[in-house]
Amino acid sequence: MNKTISVHFRLKKRSGYVVGEKMPIYLRLTIDGDRTEFSTQREIDPTKWDSKRGRAIVTKREETRQLNSFLETMQAQIYEAQRELLNKGKEVTIKAVRNIMHGIEEEEIDPLKDKSLMLVYREHIKQITDLVGKEYAKGTLKRFKSAFNSLEEFMKHKKKDDIKLRELNYQFISEYEFFLKTVRNVEHNTAMGTIKKLKKIVRICVAHDWLDKDPFMNYKVKIRDTNRPYLLQDELDRIIALKFISDRLANVRDIFVFCCYTGLAYADVQKLKRVDIVIGHDGEKWIHTERVKTETSTRVPLLPQALKIMDSYKDHPQCVNQGKLLPVMSNQKMNEYLKEIADRCEINKKMTFHTARHTFATTVTLTNGVPIETVSKMLGHKTLRTTQQYAKILDQKVSEDMRALKVKLSR
């Protein structure tokens, strides 16, 4: 039976792409709505590419003509494969065309009988385990294991141990999302984070040609904006001014405020040692460490408020004996005492230790005009997009600035 078939060449941007780099050329094959892409093993400067024609812009250079000739040959091979299948009375499918393109005989084709979803997932987790400390952080392994466990529960819920890759489809993903939100009772963004791990596994399967069609093609992983609590300047000032009889509350307050002025997360300040304080190029003291979560380098100049707190604990027994910068207790205890501090300061917000990091990004830096690129660098974010979630605070600054302007104009 005749089927609609189309071939188009396009450029595909790699993750971490830098302007000026060459981009790989991919062949997009569509047969009756089913679509797949595979690399041509060629790349080109995007400024020399005609996206409408799907070809290199014609120049006098021989390499341009050779590239276009190569792409024409690939396209001709696709249509030749179609004719070959039709002549043999076989169905024209993406898989059949690709097998002819790659020179795979019919009897050599593995119908995915040995590949299953949970098997591939386990293999990927094993690879992550072997690469922890080299390419992956411990936190990445922990999150993948947690996601795998939830998928195992979903399988049991469906009274299955595993499924073949060919059974993986849009319906399976939708049912998995429903299971996470109802049976496991997780929030939307948590569910999306878990499903993103499954999407990574699917991408691996597609890349290895174990899957002909990406079941995520019509499924969108949508992360909803969340309300990230942070302290306003007057709330932070009230916490700083609070007097304590108990040393434990004073210690928790001091460490929390230290993070409000440095942007460190709990895990980062907990491991912070005295040797992590270095003299920067400006002659001032800086924190120089790596984030536990992402293993990215973090360099933060110490503000006077943070320096004052750091100096007040230089003779603390735990700091002296263990070489630590601050006597940080468990995260659970820190959060428990922070709630008590918030109540005493009449702060009606869901406050955790991570509130300090949000406060640094918003109230301490962005609101005071520090460029978002600088804030992103100090927070140790890999992309500016992660930092942009804090940019909404700028609306507050705009409001304050415009209020001052109104007063000025009214005079």
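Reader: Let's start with valine 120: is this residue buried or exposed?

Author: Happy to start there, and keep in mind that this is a predicted model. Valine 120 sits in helix H3, which covers residues 117-131. Buried means under 20% relative accessible area. Valine 120 has a relative accessibility of 3%, so this residue counts as buried.

Reader: How far apart are the C-alpha atoms of valine 120 and glycine 89?

Author: Along the chain, valine 120 and glycine 89 are 31 residues apart. In space, the separation of their C-alpha atoms is 34 Å.

Reader: Which helix gives the most residues to the largest nonpolar core?

Author: The largest nonpolar core has 50 residues, and those with the most contacts inside it include Ile239, Phe256, Phe258 and Val269. Among the elements that give two or more residues to this core are helix H7 (233-241), helix H8 (247-260) and helix H12 (331-344). With 9 residues, the element that gives the most is H8.

Reader: How many of the residues of H13 are buried?

Author: Helix H13 spans 355-365 and is one of the elements that give two or more residues to the largest nonpolar core. Its buried residues include polar names such as Thr355 and Arg357 as well as Phe360 and Val364. H13 is mostly covered, and the count of buried residues is 11 of 11.

Reader: Why is there no bond between the sulfur of cysteine 259 and the closest cysteine sulfur?

Author: Cysteine 259 is buried, with a relative accessible area of 0%. A disulfide needs two cysteine sulfur atoms within 2.5 Å, and a search of the whole structure finds 0 disulfides. The closest cysteine sulfur belongs to cysteine 260, and the pair is too far apart for a bond because the distance is 7.5 Å.

Reader: Which residues form the covered face of strand E8?

Author: In a regular strand the side chains alternate between the two faces of the sheet. Strand E8 runs over residues 297-301, and its uncovered face holds Ser297, Arg299 and Pro301. The covered face is made by Thr298 and Val300.

Reader: And what is the bridge partner of threonine 289 in E8?

Author: Strand E7 (residues 285-290) and E8 pair in the antiparallel sense, over 5 bridges. In E8, the partner of threonine 289 is threonine 298.

Reader: Now for charges: how many residues apart in sequence are the parts that glutamate 37 and lysine 12 tie together?

Author: Side chains of opposite charge can pair when their charged atoms come close. Here glutamate 37 and lysine 12 form a salt bridge, with their closest N and O atoms 3.5 Å apart. Glutamate 37 lies in strand E3 (residues 34-44) and lysine 12 in the loop between strand E1 (5-11) and strand E2 (23-31), so the parts tied together are apart in sequence by 25 residues.

Reader: In the salt bridge of aspartate 209 and arginine 98, is arginine 98 buried or exposed?

Author: The closest N and O atoms of aspartate 209 and arginine 98 are 2.5 Å apart. Aspartate 209 lies in the loop between helix H6 (188-207) and H7, while arginine 98 is in helix H2 (residues 94-101), so the pair ties together parts that are 111 residues apart in sequence. At 38% relative accessibility, aspartate 209 counts as partly exposed. At 5%, arginine 98 counts as buried.

Reader: What is the distance between the closest N and O atoms of lysine 158 and glutamate 175?

Author: Lysine 158 is partly exposed at 28% relative accessible area, and glutamate 175 is partly exposed at 29%. They form a salt bridge in which the closest N and O atoms are separated by 2.8 Å.

Reader: What is phi of lysine 159 near?

Author: Most residues other than glycine have a negative phi. Lysine 159 lies in the loop between H4 and H5 and is exposed, with a relative accessible area of 76%. Its phi is positive, near 60 degrees.

Reader: One last stop: where is leucine 409, a residue of the nonpolar surface patch?

Author: Leucine 409 counts as exposed, at 66% relative accessibility. Together with Val398, Met402 and Leu405, Leu409 makes a nonpolar surface patch of about 380 Å². Leucine 409 has its place in residues 393-410, helix H16.

Definitions and conventions: Residues numbered from 1 in each chain as written. Predicted model: local features only at pLDDT ≥ 70, side-chain atom pairs only at ≥ 80, totals over all residues. Heavy atoms only, no water. Patch = residues over 30% accessible without salt bridge, like charges linked within 9 Å, V, L, I, M, F, W, Y side chains within 5 Å. Areas by Shrake-Rupley, 256 points an atom, 1.4 Å probe, with all protein chains shown as cover. Salt bridge = Lys/Arg side-chain N within 4 Å of Asp/Glu carboxyl O. Helix = DSSP H or I, 4+ residues; strand = E, 2+ residues; numbered from the N terminus. Buried < 20%, exposed > 50% of the residue type's maximum accessible area, 1.4 Å probe, protein only. Pairing = 2+ DSSP bridges. Core = buried A, V, L, I, M, F, W, Y, C linked by side-chain atoms within 4.5 Å.
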